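Visitor: I'm new to this one and would like a close look at a single part of it. Could you pick a stretch of strands and walk me through how they fit together?

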Amino acid sequence: MSRLALYLSLLLLLAFAIPASAQYDAFGPGTFKNPYPLMSYSNSEDGISLRAVGLQRPAEPGPDQDPPAPGQEYVTVSLQLTCDPSRSDNCLVASFDFELAGSNGIIYPNAMKEDESAFDVAPGAEAFGDISAYISSDDTDLVLLFYHWPSIPYTFPLVFATELAPEAAESIPINAKVGMIARVGPSSDLAFTGVFNRGEQLVALGRNADGAWLEVNFGWVPAFLVQAEGDIMILPITSTFK
């Protein structure tokens with residue numbers, strides 16, 4: 001195999017191996033690991049900006065909806081959508097583009113009728129609406145999932161927090177000293193989640209026990225490849241992987 005063919009093969013491997021969630025970094029975090037904060041706008045690439053503005057839990061089902069089953073409760077997430085004025089047509093977002101998920105790992109479908117549009121907004125205008133679901137009463141850390149094909153594939157939705165996130169106990173700004181690969185955990189034997197360029201600014205959120213690896217938004221990076229603006233050993237231990 002020629003050098004050019006090998007180089008092209010490596011580029012294709014990188015393109016398919018990096019999760020789509022990492023590819024949306026230009027518009028904000030919006031991932032399960034780091035969802036868009038409450039009241040923070042996203043950009044879905046096609047002129048649609050969304051934000052979650054509130055959560056009502058429990059909420060009261062409407063007159064045409066069933067009461068929650070035992071062990072369930074009904075919740076409502078309030079949304080705001082803004083349609084970019086540069087669009088030539090309305091921003092159309094259907095109710096079935098949204099689902100809820102929580103720490104139990106269950107995805108709850110939107111309880112609104114599937115043929116009912118949640119938003120139909122003219123360019124330059126904005127609208128408010130609600131997304132509701134029946135969830136397990138013991139579920140926590142609810143997030144809102146937004147899919148809008150073809151700009152946002154179903155496999156990697158944009159993720160919105162539905163409550164104010166607690167402040168991290170400690171975090172430290174870091175800078176990549178070289179181009180580097182982020183892994184799914186603190187080991188070079190694990191699959192990678194994305195790449196960072198030399199000089200890219202990141203935030204370390206945690207570490208492994210000996211501080212050799214640091215957790216960032218999109219995975220784990222070796223500590224010796226970054227310049228930390230503080231003592232990394234004050235970071236919480238967020239993995240015990242060996």
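Guide: Let's start with a word we'll need: a contact here means heavy atoms within 4.5 Å. Keep in mind, too, that this is a predicted model. In the protein chain, residues 24 or more positions apart account for 63% of the contacts with a separation of 6 or more. The chain has 242 residues, and 42% of them count as buried. Its secondary structure comes to 2 helices and 17 strands.

Now for the close look, and I'd pick strand β15, residues 213-216. Both of its faces are covered. On one side sit Trp213 and Glu215, on the other Leu214 and Val216, and all of these are buried.

β15 pairs with strand β14, residues 206-207, in the antiparallel sense, over 2 bridges. One pair to look for is Gly206 with its bridge partner Glu215 in β15, that is, the Glu215 we just met among the buried residues. β14 and β15 form a hairpin, with 5 residues between them. Look in that turn for Gly211, which has a positive phi of about 75°.

Follow the chain on from β15 and you come to strand β16, residues 219-222, joined to β15 by 4 bridges and running antiparallel to it. Here the hairpin connection goes through 2 residues. Trp213, another of the buried residues of β15, has Pro222 in β16 as its bridge partner.

From here, carry on to β17, residues 226-228. This strand belongs to an open sheet of 3 strands in the order β13-β10-β17, with antiparallel pairing. β13 (201-204) and β17 stand at the edges with a single partner strand each, so one side of each is left without a neighbour in the sheet. From one strand to the next, the twist averages 35°. Between β10 (residues 172-176) and β17 there are 3 bridges, and Ile174 has Ala228 in β17 as its bridge partner.

Before you go, take a look elsewhere in the chain for the disulfide; the structure holds 1. A disulfide is a covalent bond between the sulfur atoms of two cysteines. Here the pair is Cys83 and Cys91, with their sulfur atoms 2.1 Å apart. Both Cys83 and Cys91 are buried. The torsion about their S-S bond is about 80°, so the disulfide is right-handed.

Key. Residues numbered from 1 in each chain as written. Predicted model: local features only at pLDDT ≥ 70, side-chain atom pairs only at ≥ 80, totals over all residues. Heavy atoms only, no water. Pairing = 2+ DSSP bridges. Axes fitted to C-alpha atoms, helices over the stretch in contact; angles between N-to-C directions. Disulfide = S-S within 2.5 Å. Buried < 20%, exposed > 50% of the residue type's maximum accessible area, 1.4 Å probe, protein only.
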